[in-house]
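I opened this entry to keep track of what I looked up, residue by residue and then for the whole chain. My notes follow in the order I took them.

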Amino acid sequence: MYTDPIADFLTRVRNAVRANHRVVEIPASNLKKDITKILFDQGYILSYKFDDSSVQGTIKIALKYNKETKEPVIRKLQRISKPGLRLYSGSTELPRILNGLGIAIVSTSHGVMTGKQAQRENVGGEVLCYVY
């Protein structure tokens, strides 16, 4: 059993990208599903599929690579708020990642969203991870 399911999710995706895999399969949870939807909406992954045939279910993610250079679209996945040290930010202090080229995924009272969305809706929350 692992104590940080979000870090496990990010590590599985990071390892699959480094190994040039096309698809990665991850145990599902509602928070992981929300993070997956954000990665798809922001263009970091090609597609995803939720498989609820078992009790917990799985998420199958098709990773995205650049057609010409065969480089992965996801350069870095970095966990920010950890179980031992939670990091919260208000709507005005949410970080900009690579001058707006990357995204921060934030868990707010209005659900999981990007840092830019949270600033538009004027809500703060727990900064889960950075993606660029």
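I began at Asn-20, which sits in the loop between H1 and S1. The model is a predicted one, so I treat every value here as computed from it. I looked up the backbone of Asn-20 and found phi near 60 degrees, a positive value in a residue other than glycine. Asn-20 comes after H1.

**Helix H1**

I then checked the length of H1, which covers residues 5-18. Its 14 residues should span 20 Å at 1.5 Å a residue, and the end C-alpha atoms are 20 Å apart, so the two agree. Which residues of H1 are buried? I listed Ile-6, Asp-8, Phe-9, Leu-10, Val-13, Ala-16 and Val-17. I noted that an aspartate, Asp-8, is on that list. The cover over these buried residues includes strands S1 (23-27), S3 (58-63), S4 (77-79) and S8 (125-131), and also helix H2 (30-41).

I went back to the segment before H1, where Asp-4 is placed. Is Asp-4 buried or exposed? Its relative accessibility is 14%, and the limit for buried is under 20%, so Asp-4 counts as buried. Setting aside residues up to four places away in sequence, I found Asp-4 touching Arg-79 and Pro-83.

**Strand S1**

Glu-25 was my next stop, in strand S1. With a relative accessible area of 46%, Glu-25 is partly exposed. Leaving out neighbours within four places in sequence, I recorded its contacts as Arg-12, Thr-58, Ile-59 and Lys-60. I also took a distance to H1: Glu-25 and Val-13 are 12 residues apart in sequence, and their C-alpha atoms are 8.8 Å apart. Val-13 is one of the buried residues of H1, and S1 is among the elements that cover them.

**Helix H2 and strand S7**

I repeated the length check on H2. For its 12 residues the expected span is 16 Å at 1.5 Å a residue, and the end C-alpha atoms are 17 Å apart, which agrees. The buried residues of H2 are Lys-32, Lys-33, Ile-35, Thr-36, Ile-38 and Leu-39. I marked the two lysines, Lys-32 and Lys-33, in that list. After H2 comes Gly-43, with a positive phi near 85 degrees.

What does Thr-114 touch beyond four places in sequence? I found Ile-38, Gln-42, Ile-103, Ala-104 and Val-106. Ile-38 is among the buried residues of H2. Thr-114 itself belongs to strand S7, residues 111-114, and its relative accessible area of 5% makes it buried.

**The loop between S3 and S4**

I looked at two residues in this loop, beginning with Lys-70. Phi of Lys-70 is near 60 degrees, again positive in a residue other than glycine. Lys-70 counts as exposed, at 56% relative accessibility.

Val-73 lies in the loop between S3 and S4. Its relative accessible area is 28%, so I entered Val-73 as partly exposed. Excluding residues up to four places away, Val-73 touches Gly-43, Tyr-44, Lys-64, Tyr-65 and Asn-66. Gly-43 is the residue with positive phi that I had noted after H2. I also took the C-alpha distance from Val-73 to Ile-45, which is 7.7 Å across 28 residues of sequence.

**Whole chain**

I finished with the totals. The protein has 3 helices and 8 strands, in the order α-β-α-β-β-β-β-β-β-α-β. Its radius of gyration is 15 Å, and a compact globule of 132 residues would have one near 14 Å, which agrees. The C-alpha trace spans about 40 × 40 × 25 Å along its principal axes.

I recorded 42% of the 132 residues as buried. Of the contacts with a separation of 6 or more, 61% are between residues 24 or more positions apart. The protein exposes about 7,800 Å², with carbon and sulfur atoms supplying 49% of that area. Last, I compared the mean positions of the 20 positive and 12 negative charges, and they are 5 Å apart.

Methods
Residues are numbered from 1 along each chain as its sequence is written. This is a predicted model: local features need pLDDT of at least 70, side-chain atom pairs count only at pLDDT 80 or more; totals for chains, interfaces and linings use all residues. Side-chain values use heavy atoms; hydrogens and water are left out. Helices (H or I, at least four residues) and strands (E, at least two) are DSSP runs, numbered from the N terminus. The radius of gyration is taken over C-alpha atoms; the globule rule is 2.2 Å times the number of residues to the power 0.38. Buried means under 20% relative accessible area, exposed over 50%, partly exposed in between (1.4 Å probe, protein chains only). Contact means heavy atoms within 4.5 Å. Accessible areas come from the Shrake-Rupley method with a 1.4 Å probe; for residues, only the protein chains shown count as cover. Lys and Arg count as positive and Asp and Glu as negative; His and the chain ends are not counted. The place of a charge is taken as NZ of Lys, CZ of Arg, CG of Asp or CD of Glu. The expected span of a helix is 1.5 Å times one less than its number of residues.
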